[in-house]
Amino acid sequence: MQGDLHTHTVASDGSCTREEVFIRAKSEGIEVLAITDHDTIDEPDEDKAFSQKYGIFSVYGTELSTFDYSRHRRVHILCYYPQDTGIIRSICRKTTQNRQEAGIEMARLVAQRFPISVEEILETAGESKSVFKQHIMQTLMQAGYATEMYGPLWKELFDAKTGSCIRACVSPDVFDTVKQVRKAGGIAVMAHPFTYNSIEVLYELIDQQLLDGIEVWQSKTTCEQERFLEELADGYDLIKTGGSDFHGSYASKISPVGKGRTPQESLERLFALKDQRNRLGS
């Protein structure tokens, strides 16, 4: 049994529908799948029909965008199986509202430079809870002003330091957020710790006993980094997870569903912890 516990759909910044992600998981031999859209938490049985149709067990979760304010770095936290979804929905609602405000402002700035409209960008965003930079770039590509998502125009417009149209989304504090995940009865796993250079805050969260797991196997993580994270997780008896961070055609790096897999032993630990939290919460 193998799982992909980190994927995205059109509900955030992915290009594929939920069913399309299930289809890709099926073709890759994935038996356990988590759709973890950014700051979006659906109903627990949202994927029940797809799960039955494709014979894939669905894990309930989301990826929370947080910030380490002491080091000024982004940190992403995967939250699985929250019992009190109201707590998680509140976190998600604030973040998506902040991201939407930033996204609309970026869309307006880009529309002042190119003959595209904010309405076109909103149409491209479709089901997403917020306008992401990828939606703006996709609109520019469709209008013929770029031929690739993350090329020179992306850098000119959206580089974190020099982009002419970049606007930051305010995210909640990582420590406060993980404490809220724990309060909600959820399972907290740090996503791709090396992507945003989150190793220092990873150690702090471990020391405060706030994390349940670490995403070890991931499409953006090198073999050397995976070995480091695996040894770290083993040393602190944390669950080791894996996920592709699939975004479809909106990905910055080749990452098909199943690239970064969670082995059966880790899945069994995840389910056992979920059951334990359920018993304690009942």
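Which residues are linked with Arg73 and Glu200 in a network of salt bridges? I began with this entry, and the network I found consists of Asp68, Arg71, Arg73, Glu200 and Glu204. I note at the outset that the model is predicted, and that the structure as a whole holds 20 salt bridges.

**Entry: the pair Glu200 and Arg73**

Within the network I looked up the contact between Glu200 and Arg73, which form a salt bridge whose closest N and O atoms are 3.1 Å apart. Glu200 belongs to helix α8, residues 199-207, and Arg73 to strand β4, residues 73-80, so the salt bridge ties together parts that lie 127 residues apart in sequence. I then checked the accessibility of both partners: Glu200 counts as partly exposed because its relative accessibility of 43% falls between the limits of 20% and 50%, and Arg73, with a relative accessible area of 26%, is also partly exposed.

**Entry: two further salt bridges**

Next I turned to Arg18, which forms a salt bridge with Asp42, the closest N and O atoms being 2.9 Å apart. This pair links distant parts of the chain, since Arg18 sits in helix α1 (residues 18-27) and Asp42 in the loop between β2 (32-35) and α2 (48-54), 24 residues apart. Arg18 counts as buried, because its relative accessibility is 14% and the cut-off is under 20%.

I also recorded the salt bridge of Lys155 with Asp159, where the closest N and O atoms are 3.5 Å apart. Lys155 has a relative accessible area of 52% and is exposed.

**Entry: strand β4 and its neighbours**

Having met Arg73 in β4, I followed this strand further and found it mostly covered, with six of its eight residues buried. Strand β3, residues 57-68, runs antiparallel to β4 and is joined to it by eight bridges; in this pairing I located Thr62, whose bridge partner in β4 is Cys79. The hairpin of β3 and β4 has four residues between the strands, and there His72 takes a positive phi near 60°.

With strand β5, residues 187-190, β4 pairs over four bridges, again in the antiparallel sense. Here I noted that Tyr80 stands opposite Ile187 in β5.

**Entry: His6**

Is His6 buried or exposed? I found His6 in strand β1, residues 3-7, and its relative accessible area is 0%, so it counts as buried. Leaving out residues up to four places away in sequence, I listed what His6 touches, and among these residues are Ala34, Glu63, Leu78, His192, Gln218 and Asp245. Glu215 is also one of the residues that His6 touches, and the side chains of His6 and Glu215 make a polar contact of 2.8 Å. I looked up one C-alpha separation as well: His6 and Leu33, 27 residues apart along the chain, are separated by 7.9 Å.

**Entry: His38**

His38 lies in the loop between β2 and α2, the loop that also holds Asp42. With a relative accessible area of 7%, His38 is buried. Setting aside neighbours within four places in sequence, I found His38 in contact with residues including His8, Thr62, Glu63, His76, Arg99, Phe132 and His247. Asp13 is another of these contacts, and a polar contact of 3.4 Å joins the side chains of His38 and Asp13. The C-alpha atoms of His38 and Ser244, which are 206 residues apart along the chain, are separated by 14 Å.

**Entry: a nonpolar patch on the surface**

Returning to helix α8, I found Tyr203 there, and Tyr203 counts as partly exposed at 32% relative accessibility. Tyr203, Phe228 and Tyr236 form a nonpolar patch on the surface, with about 270 Å² of accessible area together.

**Entry: positive phi in loops**

Finally I checked two residues for backbone angles. Asn197 has a positive phi of about 55° although it is not a glycine; it lies in the loop between β5 and α8 and is partly exposed, with a relative accessible area of 43%. Asp237, likewise a residue other than glycine, has a positive phi near 55°; I placed Asp237 in the loop between α9 (223-235) and β7 (239-243), and at 55% relative accessible area it is exposed.

Terms used
Residues numbered from 1 in each chain as written. Predicted model: local features only at pLDDT ≥ 70, side-chain atom pairs only at ≥ 80, totals over all residues. Heavy atoms only, no water. Salt bridge = Lys/Arg side-chain N within 4 Å of Asp/Glu carboxyl O. Buried < 20%, exposed > 50% of the residue type's maximum accessible area, 1.4 Å probe, protein only. Patch = residues over 30% accessible without salt bridge, like charges linked within 9 Å, V, L, I, M, F, W, Y side chains within 5 Å. Areas by Shrake-Rupley, 256 points an atom, 1.4 Å probe, with all protein chains shown as cover. Pairing = 2+ DSSP bridges. Contact = heavy atoms within 4.5 Å. Polar contact = N/O pair within 3.5 Å; in protein donor to acceptor, adjacent residues only side chain to side chain.
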